[in-house]
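Subject: Structure for you to look at

Hello,

Here is the structure I said I would pass on. Please open it first, and then read the notes below alongside it.

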Amino acid sequence: MSARPQTNVCVCACALAWPGVVGWGLHRYIGGSQDHCGLFFPGINKLCYDGHHWPTHRINLNDPTDPKQAAIFSWLESVLYVIEIPFVSRPEDFSSQRINLIKDPSVSKEEKVRMVGAIADTSERAWNAILAMDAAGLGKALSDTMTAWAEPLPYTLDPYVASKGYPGDVEKSKQLREFWKKYDAPHTHGCLFSGAGGGFLMVISDKPVAGGTQIKLNHDHYCKPFPSDNVDSAPQALGP
């Protein structure tokens, strides 16, 4: 049996009372902070955003010598599967920003806050489910995350949806949707794309998933080491 690939896990949460939700829409799109944090922050992390590019707060669980954290690490490694999408899930000219309702001046501030609040809620539920080692809750939160992101940014869910100036591709859209639905509830506890519009599929299941690869959490620091937080303070420390 080949060794499990090592990875870090990040749960990204937006503040529910996000004051920068409208201001963010006025800035040039810059992606990548979640990717950077996911690469360099070991263990399990909660990233808290308030409308800026870089998270304002971070909660890090990365102490395998702590019995509570060790139990969470072992549990998450047992229920998280990564599925490679066996076809090109994103077109060459893909942009998750093709439609961005957060930047749309015709959308009210209240509606924008509601959409961001829905994303924040799913993120918070995912984090709490990890701490509680609740596979059903985590799977539901991941599936709801996909739905929540698709409302303000439809191309994060389906890169082939037709829109003004873009013909889309009905067959490829159907192919992608049928693929991820095979791994969503009720077949598993839930799933979520690893990136906007595809990439890989993260699946939560108590049972082995055909074609799925289980991961091993990385606990090594690639940059300057920093101390781990603890499980007891994590839910209250830096919530949304």
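A good place to start is the pair formed by strand 6 and strand 7: the two run antiparallel and are joined by five bridges. To find one of these residue pairs, look for Cys 191, whose bridge partner in strand 7 is Val 203. Please keep in mind that this is a predicted model.

The pair belongs to an open sheet of four strands, in the order 6-7-5-8, with antiparallel pairing. Which strands lie at the edges? They are strand 6 and strand 8 (212–214), and each of them pairs on one side only. On average, neighbouring strands of the sheet are turned by 35° against each other, direction ignored.

Two helices that pack on this sheet are worth finding. Helix 3 touches strand 5, strand 7 and strand 8, and its direction makes about 35° with that of strand 5. Helix 6 touches strand 5, strand 6 and strand 7, and its direction makes about 130° with that of strand 6.

Next, the interior. In soluble globular proteins, nonpolar side chains tend to be buried together. The largest nonpolar core here has 38 residues; those touching the most other members are Ile 44, Leu 138, Trp 180, Phe 193, Leu 201 and Val 203. Elements that give two or more residues to this core include helix 3 (67–79), helix 4 (109–132), helix 6 (170–181), strand 6 (190–195) and strand 7 (198–204). Helix 5 gives the most, with six residues. Leu 138 is a useful residue to click on: leaving aside residues up to four places away in sequence, it touches Trp 75, Leu 76, Ala 126, Ala 129, Ile 130 and Ile 204. There is also a second, separate core of five residues, among them Cys 37, Phe 41, Leu 47 and Phe 226.

Helix 4 allows a simple check. It has 24 residues, so at 1.5 Å a residue it should span 34 Å; the C-alpha atoms at its ends are 34 Å apart, which agrees. Just after helix 4, Met 133 takes a positive phi of about 55°.

Finally, some totals for the protein chain. Its secondary structure comes to seven helices and nine strands. Of its 240 residues, 44% count as buried. Among contacts between residues at least 6 apart in sequence, 70% join residues at least 24 apart. The chain exposes about 12,400 Å², and carbon and sulfur atoms supply 57% of that area.

Regards

Note on methods: Residues are numbered from 1 along each chain as its sequence is written. This is a predicted model: local features need pLDDT of at least 70, side-chain atom pairs count only at pLDDT 80 or more; totals for chains, interfaces and linings use all residues. Side-chain values use heavy atoms; hydrogens and water are left out. A nonpolar core is a set of buried Ala, Val, Leu, Ile, Met, Phe, Trp, Tyr and Cys residues joined through side-chain atoms within 4.5 Å. Buried means under 20% relative accessible area, exposed over 50%, partly exposed in between (1.4 Å probe, protein chains only). Contact means heavy atoms within 4.5 Å. Two strands pair if DSSP finds at least two bridges between them. Axes are lines fitted to C-alpha atoms, for helices over the stretch in contact, and angles run from 0 to 180 degrees between N-to-C directions. The expected span of a helix is 1.5 Å times one less than its number of residues. Accessible areas come from the Shrake-Rupley method with a 1.4 Å probe; for residues, only the protein chains shown count as cover.
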